[in-house]
Every structure is written in structure tokens, then in C-alpha cells.
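Good morning, colleagues. Please take a moment to look at the structure on the screen before I begin.

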Amino acid sequence: MMKKDMDFRQYFGVQVDHVPLLDLSRQYATIKEDMDAAVRAVSDSGRFVLGPEVTRLEEAIAASAKVGYGIGCASGSDALLLALMAAGVGPGDEVIVPSFTFFATASCVPRLGAVPVFADIDPVTFNIDPNCVEKLITPKTKAIIPVHLYGQLADMKSLRRMTKDHPDPQRQKIVLIEDAAQAIGAELESIPAGGWGDMACLSFYPTKNLGGAGDGGMVITNNEAFANKVRLLRGHGMEPRYYHKVIGINSRLDSWQAAILNVKLPYLDSWVHMRQRNAGNYQGMFEELGLDRVIGLPTAFDNRLHVWNQYVVRIPGGHRDGLRAALNEKKIGTDIYYPMGLHQQECFAYLGYKKEDLPETLVASQEVLALPIFPELRLEEQGAVVCAIRDYLAANGVCENKQI
Ligand SMILES: Cc1ncc(COP(=O)(O)O)c(C=O)c1O
């Protein structure tokens, strides 16, 4: 990943006004005509919910993930809820989820009367730790939701070994649901997100690698029975019209979002390449300044295709929040995904976890800092981010003030 052949020095110290964490207007400028035309066509059609644009998107995304079915819905959060509903999760069931993730991964569980069981993470990938999962499986475990955090697949091989590929038929019944909200197109051993679990859930929230102009989501799966259930459930369990087979929800993808996403989908690979290039640039720049020895840089593995929805470093020694404030002063956008494990959230207090119960989640929540990584980010902006980090850490005695 490192760009040994590239000389970054010219990008250090270039004056830049500010560096946004994400600037969607730069992407819009490159596809404006097509996007505007697609929106206009939907407006002209008078068909605003589901319809041909949604069907086209469902087919295209299922094909790109090499699975048989895609079912659009109103958000990634709803995709997770629908997947659990289709899996038949209900009162008395347990669902194992990582604690270090966005709230929606877990909130779908108690909404169905089931119990979220929080697992710790692998400190290198930030993804759910299969060793921890193994210890949490009980006869009540109905599903496991690994999250492909920041755009890199969780250890799906180990998770399959303890469920779908396990000799015990009870274990095989555990439903594996990939939370791929941050990881559309990511791969493990050339199998894309969506090809490892029984179902996978995507989000089209604007900050995602394939983002709409509002909310949207999709369940993708190879399992026809699950696909049919999700499709039924997203439309009030209604089949035919005004006859309700089951109690579903209203969670439909609208035609404008689908039309925009259909315009964007063909660009997704090139945007991912730009994110990968930016990650490589950071690696090279941090190494150039010797910062790779004091901060934790993200690791990309040879057998995984990382799509870099987020570029997250670890700032140890209690310096994370001070650094973030200093970057903010310099108008450099950052964020913290996530400042607290879900097992510590007030709404889950009834489960009785202590923060020390999941030590890797606790440390990660104190150290992580997401830096700008969006495709159109410029080299001099990356140079400004890296130099600002060096300046703060050097001023606080964490590293030498290496000037190039
Ligand atoms: C890991 C993860 N899961 C689920 C979601 C929920 O997606 P949405 O915002 O589309 O409801 C998100 C989005 O933020 C996410 O990052």
C-alpha cells in the first residue's frame, strides 16, 4: 500500500484553507448533468416510490455483489431490522453483535423483543472478534451480526466455521447477517460483502461509498426464501394489495434515491480506487515523517479488498481529544467512530454491562480518530492533515518535530 516511489515532500506545508472530512459537492460536480437528468426523469414519470429505478438498482447491486437478490428499503437501519424479522428473531432470542459499531447494528434487536449480546473487537481490524463470539454462543443464539467496519470485511471464515459450516445442526441454524453498511464492494478472498452471510445489509446514507441524496438501504442475499420474506415485510406484509399475510413495516426505497444511485453505481469502483490511493498516500506521508511509530495506522490485508469508507488512526496516550481540537482549530475535519461502546450506552444499561467487560472496545473508543479520505481529497490537503498531526504531537512531546 505504501507509495515508496512517490515523493510527498512537495505536499507538506502547502497553505490550504480548510480540509473537510467529506465534501460531497466535489463528487456532485463530476456527475451533475447525469444526476440532475435522472432526478428530472423521475419527477416527470410521476412514479415516486419503488418502480423501475428501484428494480434496476436491486438487480445491479445484487449482480455486483454476486448474489441472487436485492431488496431496496428505506435505510440501512431498516435493512437490519428487516433481515432480523425475516430470520424470525423474537422474544427469548439472543443476537450477538459487536459493541464497537453504529447504534443501528444493535437497536434492531430489542425492537423485536430479543436480547443483544455484545462481543469485543479484534484490536487490529476493529471488527468483531470470533474468539469472543464463540464464547457467547448459547442455545438461545438466533443470529450473529458481524459489521464490516470502516470498509473492511470481518473474519467471516471463522464466523462461518462456528455457524454455517459447523457439524452441529443447531449451530448451522444460526443466521449470519452481515452489516455491510460501510462496506459495499469490499471483499474477503475475492468474495464480496453479501456473499458470506445468509443476508447482508447496505446503507445508502450520503456519507457511504455509494450514497444517495437522502436515506436508503438494501438487503442482499442468495437465499430466495429470505429474499421473499424481506420483500413481503418491507411492504406491510401485504400480498396481494390490502391482504396482509404477516405484520410487516413500511420501508420502501424511493425512486429518486434509486435513480441517483443508478447514476452513481458505475463510478463506485473508480471512487474506491481513489480512496485506496488516498489511504496509500497517508501511509507514505506518515512514514516519511516517522509518525507511523507513534500513531496506529490502519492495516489492510492482502486477502481483503478494503473500500476505505473511513480512514481511522489510533492516537494513544490520551492525546486523541487534544489533537482533534487542534485539528479543528486549523479547520481540519475529523470524527470519532465511535466514542463509546454500545454496551455502555444509557439505553442498554438494563443489560448490566460494565465498560471494562469489553476492554478492546473501551480502548478503541478512546483512541480512534477518522481523517478525511473521500475520493476527491487532494494531496496537499492530505499533506496539511499529516503536518498538523505532527505539529500537535511534537508540541506535546510525543514525537520529534521532523521537518522535511
Ligand atoms: C455500521 C452501520 N450499520 C448500520 C447503519 C445504518 O444505516 P442508515 O444510516 O442507512 O440507517 C450505518 C450507517 O450509519 C452504519 O455505519
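**Salt bridges and a helix pair**

By the rule applied here, the count comes to 16 salt bridges. I should state at once that this is a predicted model.

Allow me to begin with Asp 23 and Arg 26. Their side chains meet in a salt bridge, at 3.1 Å from N to O, and both residues are buried. Asp 23 and Arg 26 also belong to a network of salt bridges, in which they are linked with Arg 378 and Glu 381.

The next pair is Arg 314 and Glu 367, whose side chains form a salt bridge at 2.9 Å, N to O. Arg 314 lies in strand β11 and Glu 367 in helix α12, so this pair ties together parts that are 53 residues apart in sequence. Arg 314 and Glu 367 are both buried.

A third salt bridge joins Arg 324 to Asp 335, with the closest N and O atoms 3.6 Å apart. Here Arg 324 belongs to helix α11 and Asp 335 to the loop between α11 and α12, so the parts tied together are eleven residues apart in sequence. Arg 324 counts as partly exposed, at 27% relative accessibility, and Asp 335 is partly exposed with a relative accessible area of 27%.

I turn now to two helices. How do α3 and α4 pack? Helix α3, residues 76-86, and helix α4, residues 104-111, pack at an angle of about 40°, and their axes are 9 Å apart. That angle makes α3 oblique to α4. The crossing of α3 past α4 is right-handed. In the contact, Leu 80 and Leu 84 are among the α3 residues, and Cys 108 and Val 109 are among those of α4. By class, this contact has six nonpolar, two polar and one charged residues.

Definitions and conventions
Residues numbered from 1 in each chain as written. Predicted model: local features only at pLDDT ≥ 70, side-chain atom pairs only at ≥ 80, totals over all residues. Heavy atoms only, no water. Axes fitted to C-alpha atoms, helices over the stretch in contact; angles between N-to-C directions. Helix = DSSP H or I, 4+ residues; strand = E, 2+ residues; numbered from the N terminus. Parallel < 35°, antiparallel > 145°, perpendicular 65-115°, else oblique. Left-handed = near helix turned anticlockwise from the far one by under 90°. Contact = heavy atoms within 4.5 Å. Nonpolar A, V, L, I, M, F, W, Y, C, P; charged D, E, K, R; others polar. Salt bridge = Lys/Arg side-chain N within 4 Å of Asp/Glu carboxyl O. Buried < 20%, exposed > 50% of the residue type's maximum accessible area, 1.4 Å probe, protein only.
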